[in-house]
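These exercises go through one structure, with a worked solution after each task. Keep the sequence and the model open while reading.

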Amino acid sequence: MTGFDTRAIHAGQAFDPLTGAVIPPVYQTSTFVQEHVGGLRSGYEYTRGTNPTRDALQTLIADLEGGRHGLSFASGLAAEDAVLRGLLRPGDHVLMGDDVYGGTHRLANQILVPWGVELSTVEMSNLDHVAAALRPNTRMLWVETPSNPLMKVSDIAALSEIGHGHDCVVVVDNTFSTPALQRPLALGADVVVHSATKYLGGHSDVLGGLVATDDERMAEQVGFLQYAAGAVSAPWEVFLTIRGIKTLSLRMHRHSDNAEAVAESLLEHPAVEQVFYPGLPDHAGHQVAAAQMTRFSGMVSFALRGGAEAARTFAEATSVFQLAESLGGVESLVNYPAQMTHASVRGTELEVPDNIIRLSVGIEDTDDLVSDVAQALAQV
Ligand code: PLP
């Protein structure tokens, strides 16, 4: 099995040997009967430790990201927590992008920092700034690309080189691209994290987080946190995520087609000040994005000339795009970051301007999406 689309459907998902069921069963069980004391059947003992359904997803994400190890968690933040606490120690410094997901910054700032980890942020798309921001004790670079919501693009290969030259683990949050469009491990990163809640699940019906790495030691350290702190994903959530991933590639191409059309329609509109989409040739990160992504995914942000009032009006005026947090589902969503997803970082260096709108462009008919944006813009 060499093709990505084939592996998305088959990796870790052999048919059930007992019945021939084409879909691996949902092992909705907390524990496993032992043959005698310590006599585990196929190694299974207790679901916080291992569960066959979770094993299937862990094998699948490892395969798709091109690493040997995958770990599945209850949410994206649970996965991030295990990576941060598994790979850092008090006294270490983590350098994060200055526009990472607000919850990632909150986790580091309010949980890791009181534990003794140092945190600072930098514009990850500027390699000189990154090199200058390294400290003697910097042990991790945390990269999110494209970033949320301003779609800044960071050069994964160059950052991996800088990080490795400084004895740092390079972590990439691949939520916005997914392995269908971007493979950070092949570009030199050590660890990939995902909010599987988004494109991987793909249907806005499941919360989940995933980690993939090719490094045995890191897999063990993060895996220990998974087991010892226990934020594992439940079998039913895992089943839904696996089902979502089967159509990942198809969806990501359609998301990209629709996002390109929406971004182009925004470019021409007089009410729009700036469009942030890495697929646009004049986007600051377009060259790097074109080199490390195969398509540009479904997230589009834009700034309105009319300021906060125009942005709020737009967010409440769409009809196909529904007003909600989150992203990456088949349905289109509109978000007003300043008061929704990014309200928690107001007043920090991660604050988002109040005239920005973020669209998660779904897989509905392109014309319906473009006309919905146009009718909402006519009202601002
Ligand atoms: N990373 C990114 C880029 C996200 O957008 C999110 C959630 O919005 C997360 C991580 C956190 O994931 P979750 O909400 O599944 O905990």
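Proline 149 is placed in the loop between S4 and H6, where helices (H or I, at least four residues) and strands (E, at least two) are DSSP runs numbered from the N terminus. The model is predicted: local features need pLDDT of at least 70, side-chain atom pairs count only at pLDDT 80 or more, and totals for chains, interfaces and linings use all residues. Residues are numbered from 1 along each chain as its sequence is written, and side-chain values use heavy atoms, with hydrogens and water left out.

**Exercise 1. Cis peptide bonds**

Task: find which bond joins asparagine 148 and proline 149, cis or trans, and do the same for threonine 145 and proline 146.

Solution. Start with asparagine 148 and proline 149: the bond is cis, with omega about 10°. Next, the bond from threonine 145 to proline 146 is cis, with omega near -5°. Proline 146 also sits in the loop between S4 and H6.

**Exercise 2. Helix H6**

Task: state which residues of helix H6 are buried and what they pack against.

Solution. Take the definition first: buried means under 20% relative accessible area, exposed over 50%, and partly exposed in between (1.4 Å probe, protein chains only). In H6 (residues 156–164), the residues Ile156, Ala158, Leu159, Ser160 and Gly163 are buried. They pack against helix H5 (127–133), strand S4 (138–144), strand S5 (169–173) and helix H10 (286–292), a contact being heavy atoms within 4.5 Å. Then look at the N-terminal end of H6, which aspartate 155 caps: one of its side-chain oxygens is 3.3 Å from the backbone nitrogen of alanine 157.

**Exercise 3. Positive phi**

Task: for aspartate 167, decide whether the residue is buried or exposed; repeat for serine 297.

Solution. Aspartate 167, in the loop between H6 and S5, has phi near 60°, a positive value in a residue other than glycine. Its relative accessible area is 56%, so aspartate 167 is exposed. Serine 297, in the loop between H10 and S9, has a positive phi of about 70°. At 2% relative accessibility, serine 297 is therefore buried.

**Exercise 4. The ligand shell**

Task: say how many residues surround the ligand and which side chains are paired with its oxygen atoms.

Solution. Count residues with a heavy atom within 4 Å of the ligand. There are 13, the closest being Gly76, Asp173, Ser195, Thr197 and Lys198. Helix H3 (residues 76–87) gives the most, with three residues. Then list N or O side-chain atoms paired with a ligand oxygen: serine 195 at 2.8 Å and threonine 197 at 2.7 Å. A polar side-chain atom of lysine 198 is 2.8 Å from a ligand oxygen. Taken alone, the ligand exposes 390 Å², and the protein buries 91% of that.

**Exercise 5. The largest nonpolar core**

Task: identify which element gives the largest share of the largest nonpolar core.

Solution. A nonpolar core is a set of buried Ala, Val, Leu, Ile, Met, Phe, Trp, Tyr and Cys residues joined through side-chain atoms within 4.5 Å. The largest has 33 residues, and Phe302, Leu304 and Phe314 are among those that touch the most other members. Elements giving two or more residues to this core include helix H9 (248–267) and helix H11 (307–317). The largest share, five residues, comes from H11. Another core of 29 residues lies apart from it, with Ala82, Val100, Val169 and Met218 among its members.

Terms used: Near = heavy atom within 4 Å. Polar contact = N/O pair within 3.5 Å; in protein donor to acceptor, adjacent residues only side chain to side chain. Areas by Shrake-Rupley, 256 points an atom, 1.4 Å probe, with all protein chains shown as cover.
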